[in-house]
Amino acid sequence: MDALVRLLQLLVFLLTLPLHLMALLGFWEPLCKTYFPYLMAVLAVKSNRVMESKKRELFSQIKGLAGASGKVALLELGSGTSANFQFYPTGCKITCLDPNPHFEKFLTRSMAKNRHLEYERFVVAFGEYMSQLADGSMDVVVSALVLCSVQSPKSVLQEVRRVLSPVSRKGRIWAWSSNVASAAPVSRAPRMGYLLTRA
Ligand SMILES: C[S@@+](CC[C@H](N)C(=O)[O-])C[C@H]1O[C@@H](n2cnc3c(N)ncnc32)[C@H](O)[C@@H]1O
């Protein structure tokens with residue numbers, strides 16, 4: 001049995017050797033960063049088909065969260081191809097944040113399709129270090145399928161707390177992930193992972 005496991009391990013190693021070599025030479029990460037957005041664009045359409053009614057239900061709550069300006073300053077954290085834009089209500093002013101700059105052209109395309117939204121800017125940064133965003137500048141933060149891939153969910157949530165408006169204590173964090181249960185106050189959103197509300 002041991003020998004068989006070793007043989008299989010060797011086989012997997014040999015099959016993935018080109019990828020290891022590319023990673024060693026520094027080619028793998030830029031390649032992934034460039035092409036991952038194309039994959040996400042396809043997957044987002046499929047996942048929206050499945051999640052459509054739940055997303056509509058959840059994001060309809062955003063309407064009542066406008067700040068003093070009458071608009072909802074919304075941060076889409078780990079925005080990817082912006083799969084949620086179509087579900088946000090009119091009056092949202094969107095800031096997108098993602099460490100991968102190659103998503104920008106997908107965001108621009110999506111903004112052109114979703115004229116009911118106001119597009120503030122795209123920030124290239126990690127959720128753990130959102131220093132480009134001012135304290136208390138957001139009414140709502142949405143993070144979908146992101147916390148499972150960050151280095152430190154705790155730091156991300158601390159940053160989210162910092163950028164959320166202190167006036168808008170009703171501000172909420174919607175975060176769902178396939179495999180993350182957070183230590184933050186959590187109420188289960190049926191079939192969609194976790195709905196985190198600010199304490
Ligand atoms: C699975 S995609 C989800 C994209 C989008 N939120 C959606 O619902 O389709 C994960 C996204 O998180 C981004 N991401 C990865 N690590 C991150 C981090 N530390 N901070 C913020 N975003 C991150 C990735 O670049 C990618 O766009």
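**Exercise 1. The annotated N-terminal span**

Determine the end-to-end C-alpha distance of residues 7–28 and the helix and strand content of this span.

*Solution.*
Step 1. In this predicted model, the end C-alpha atoms of residues 7–28 are 26 Å apart.
Step 2. Helix accounts for 82% of the span and strand for 0%.
Step 3. The UniProt record, an unreviewed entry, assigns the feature "transmembrane region" to residues 7–28. Such an annotation may be inferred rather than shown by experiment.

**Exercise 2. The overall fold**

State how many helices and strands the protein has, and give the order of its elements.

*Solution.*
Step 1. The protein contains 5 helices and 7 strands.
Step 2. Read from the N terminus, these elements follow the order α-α-α-β-β-α-β-β-α-β-β-β.
Step 3. Of the 199 residues in the protein, 39% are buried.

**Exercise 3. The ligand environment**

Describe the residues around the ligand, identify polar pairs with its nitrogen atoms, and state how much of its area the protein covers.

*Solution.*
Step 1. The ligand is surrounded by 16 residues, of which G78, D98, G127, E128 and A144 are the closest.
Step 2. Classified by type, this shell comprises 9 nonpolar, 5 polar and 2 charged residues.
Step 3. Backbone and side-chain atoms are now treated separately. G78 places a backbone N or O atom 2.8 Å from a nitrogen atom of the ligand. For A144, a backbone N or O atom is 2.9 Å from a ligand nitrogen atom. E128, by contrast, uses a polar side-chain atom, which lies 2.9 Å from a nitrogen atom of the ligand.
Step 4. On its own the ligand has 590 Å² of accessible area, and the protein covers 89% of it.

**Exercise 4. Salt bridges within helix 3**

Explain why the pairs R56 and E52, and E57 and K54, can be related to the helical turn, and classify the accessibility of each residue.

*Solution.*
Step 1. Side chains of opposite charge can pair when their charged atoms come close.
Step 2. R56 and E52 form a salt bridge whose closest N and O atoms are 2.9 Å apart. Because these two residues are 4 residues apart in helix 3 (residues 28–59), about one helical turn separates them.
Step 3. E57 and K54 also meet in a salt bridge, with an N to O distance of 3.4 Å. They are 3 residues apart in helix 3, so their separation is again about one helical turn.
Step 4. The partly exposed class lies between the limits of 20% and 50% relative accessible area. R56, at 41%, is partly exposed, as is E52 at 33%. E57 is partly exposed at 48%, and K54 is partly exposed at 23%.

**Exercise 5. A salt bridge between distant parts of the chain**

Locate the partners of the salt bridge between R162 and D135, and name the network to which they belong.

*Solution.*
Step 1. The side chains of D135 and R162 meet at 2.7 Å, N to O.
Step 2. This pair links distant parts of the chain, 27 residues apart: R162 belongs to helix 5 (residues 153–163), and D135 to the loop between strand 3 (118–124) and strand 4 (140–144).
Step 3. R162 is partly exposed at 22% relative accessible area, whereas D135 is exposed at 58%.
Step 4. A network of salt bridges links D135, E159 and R162. The whole structure holds 5 salt bridges.

**Exercise 6. Loop residues with particular backbone or side-chain geometry**

Are S82 and L145 buried or partly exposed, and what does the side chain of N100 reach?

*Solution.*
Step 1. Most residues other than glycine have a negative phi. S82, which is not a glycine, has a positive phi of about 65°. L145, also not a glycine, has a positive phi of about 60°.
Step 2. S82 is situated in the loop between strand 1 (72–77) and strand 2 (92–98). L145 occupies the loop between strand 4 and helix 5.
Step 3. With a relative accessible area of 4%, S82 is buried. L145, at 47%, is partly exposed.
Step 4. N100 lies in the loop between strand 2 and helix 4 (104–113). Its relative accessible area of 6% makes N100 buried.
Step 5. The N100 side chain reaches the backbone nitrogen of H102 at 2.9 Å.

Notes: Residues numbered from 1 in each chain as written. Predicted model: local features only at pLDDT ≥ 70, side-chain atom pairs only at ≥ 80, totals over all residues. Heavy atoms only, no water. Near = heavy atom within 4 Å. Polar contact = N/O pair within 3.5 Å; in protein donor to acceptor, adjacent residues only side chain to side chain. Areas by Shrake-Rupley, 256 points an atom, 1.4 Å probe, with all protein chains shown as cover. Nonpolar A, V, L, I, M, F, W, Y, C, P; charged D, E, K, R; others polar. Salt bridge = Lys/Arg side-chain N within 4 Å of Asp/Glu carboxyl O. Buried < 20%, exposed > 50% of the residue type's maximum accessible area, 1.4 Å probe, protein only.
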